[in-house]
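Trainee: Mind walking me through this one? I'd like to get a feel for how the pieces sit together.

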Amino acid sequence: MTGHLIHRDAASTLPEIVAGRGIELIDSTGKTYLDACGGAAVSCLGHGHPVIAAAITAQLHKIAYSHTSFFTSQPAEALADRIASATPGDLDHVYFSSSGSEAVEAALKMARQFHVECGQASRTRVISRRLSYHGATLGALAVSFNPARRALYEDLLFPVTFIEPCHAYRNALPHETVHAYGARAAAGLEAAILRHGPQTVMAFIAETVVGATGGAIPPAPGYFADIRRICDRHGVLLILDEVMCGAGRTGTFLSCEQDGIVPDIVTLAKGLGAGYQPIAATVCSRRIYDAIACGSGAFRHGQTYSAHAIGCAAALAVQDVVVQQNLLDRVISSGAYLRGRLGKFFADHPAVGDIRGRGLLQAIEIVADPPTMRPFSAQLGLAARIKAEAFSRGLLVYPGPAVADGSRGDHVLLAPPYTTTDAELDRIVDMLGAAIDAALVSVRKIAT
Ligand SMILES: Cc1ncc(COP(=O)(O)O)c(C=O)c1O
């Protein structure tokens, strides 16, 4: 690349995107791509949606920006109301920002302020899980377990305790039921809290369905109910990061509704604005809001673009479309269809170790030896090869290179729009199968 833009990879030569229609993206040469991952599980309504474009334009003609220290705005108030009514329990106050990382930063600061307001300033420790990703800013990165993303900044990150994720495929014992495994995985949190002393622990943060690093790992049944009880027992706040799996991606507004629990704080981003605007939300319970509002009176956090009127207007329009078109039901039926197609297509595949997910967040884990779950060598870069093979065929998928242990293991994540048809899902599966096989041929050539 010869321009001035800093790209993710300085050596890359990227095609230029010029248009998008539904599930398709079109580059400047006219090549079309089937967007099976919505970028990073973002574009839940596909591309070029006229209703969202109209809502953004209408808001632009009213007011684009005003600072939250001077004014509130109708779209921000309406979006907060909408989120409060869509979320379960007493999750009813919302702080808006512009990215998932910012939403997580706000969640961590809110948790800390809550304890200080309640006279428990000794609570500073965050417990998180291995194989999790919560964002790129320093606070969000500190609670993320992604060695490649952390390595360079390790010395700048505050200390965090990491426990094992609830990952039945890799961690359940032979003959252990999923319920028993879920209880054992949750017990890891209680052991960590007791080890540090409950009065020092501020929050436990987890992705309800692990996304980018773990590859669509759903929790075992009962796991989060146990986690909720453990947090309550020790006065630890439960932060669920639903930046990727929330806002309908798994078939309910919050994914944790399917686990029957309500967190103290939940973060949302990607599907909230569907990529039409950068918008994220940190939603907290009334108990947390009241402690702050009736305590010092102000959340000690603030950003210039918080509650941006156009971001909020876009997200409101996205959520309207989701409700009006009954898309959460569609996510459930299409997710089941996709899962069925993947299961059938890869049933006897020699390198597919696991197919997992919830709703329209599904992943395939590729392994060198399915019976032992042994991953391919990281040097082979299999996940990146699958992405490249898919891309050359006109299919966009989201790969991950660290799913086995944080530094090895290959998975491919699928997160198509909620509006994807069964015929499009069929094409995605067929093209993905061809891409995986081509990538495996290329790594086997290197290995021999
Ligand atoms: C669960 C989760 N949390 C936080 C983030 C960070 O979001 P962003 O990249 O918008 O800062 C991501 C991004 O992939 C994510 O998947």
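Mentor: Sure, and keep in mind that this is a predicted model. Start with a cross-strand pair: aspartate 354 stands opposite glutamate 365 in β12.

Trainee: Over how many bridges do β11 and β12 pair?

Mentor: Strand β12 covers residues 361–366, and glutamate 365 belongs to it. β11 and β12 run antiparallel to each other, and the bridge count is 6.

Trainee: In what order do the strands of that open sheet come?

Mentor: It's a 4-stranded sheet with antiparallel pairing. β11 (352–358) and β14 (398–400) each have a single partner strand, so they stand at the edges. The twist from one strand to the next averages 20°. Put together, the order is β11-β12-β15-β14.

Trainee: At about what angle does helix α14 run to β15?

Mentor: Helix α14 spans residues 382–392 and lies across β12, β14 and β15 (410–414). Relative to β15, the angle is about 40°.

Trainee: Is strand β5 largely enclosed or left open by the rest of the structure?

Mentor: Look at its partners to begin with: β5 runs parallel to β7 (residues 201–207), with 3 bridges, and pairs in the parallel sense with β6 (residues 161–163), also over 3 bridges. Arginine 125 stands opposite valine 201, while isoleucine 127 faces threonine 161. As 4 of the 5 residues in β5 are buried, meaning under 20% relative accessible area, the strand is largely enclosed.

Trainee: Is leucine 138 buried, partly exposed or exposed?

Mentor: Leucine 138 lies in helix α5 and joins Leu152, Tyr153 and Leu156 in a nonpolar surface patch with about 440 Å² of accessible area together. Its relative accessible area is 42%, between the 20% and 50% cut-offs, so leucine 138 is partly exposed.

Methods
Residues numbered from 1 in each chain as written. Predicted model: local features only at pLDDT ≥ 70, side-chain atom pairs only at ≥ 80, totals over all residues. Heavy atoms only, no water. Pairing = 2+ DSSP bridges. Helix = DSSP H or I, 4+ residues; strand = E, 2+ residues; numbered from the N terminus. Axes fitted to C-alpha atoms, helices over the stretch in contact; angles between N-to-C directions. Contact = heavy atoms within 4.5 Å. Patch = residues over 30% accessible without salt bridge, like charges linked within 9 Å, V, L, I, M, F, W, Y side chains within 5 Å. Areas by Shrake-Rupley, 256 points an atom, 1.4 Å probe, with all protein chains shown as cover. Salt bridge = Lys/Arg side-chain N within 4 Å of Asp/Glu carboxyl O. Buried < 20%, exposed > 50% of the residue type's maximum accessible area, 1.4 Å probe, protein only.
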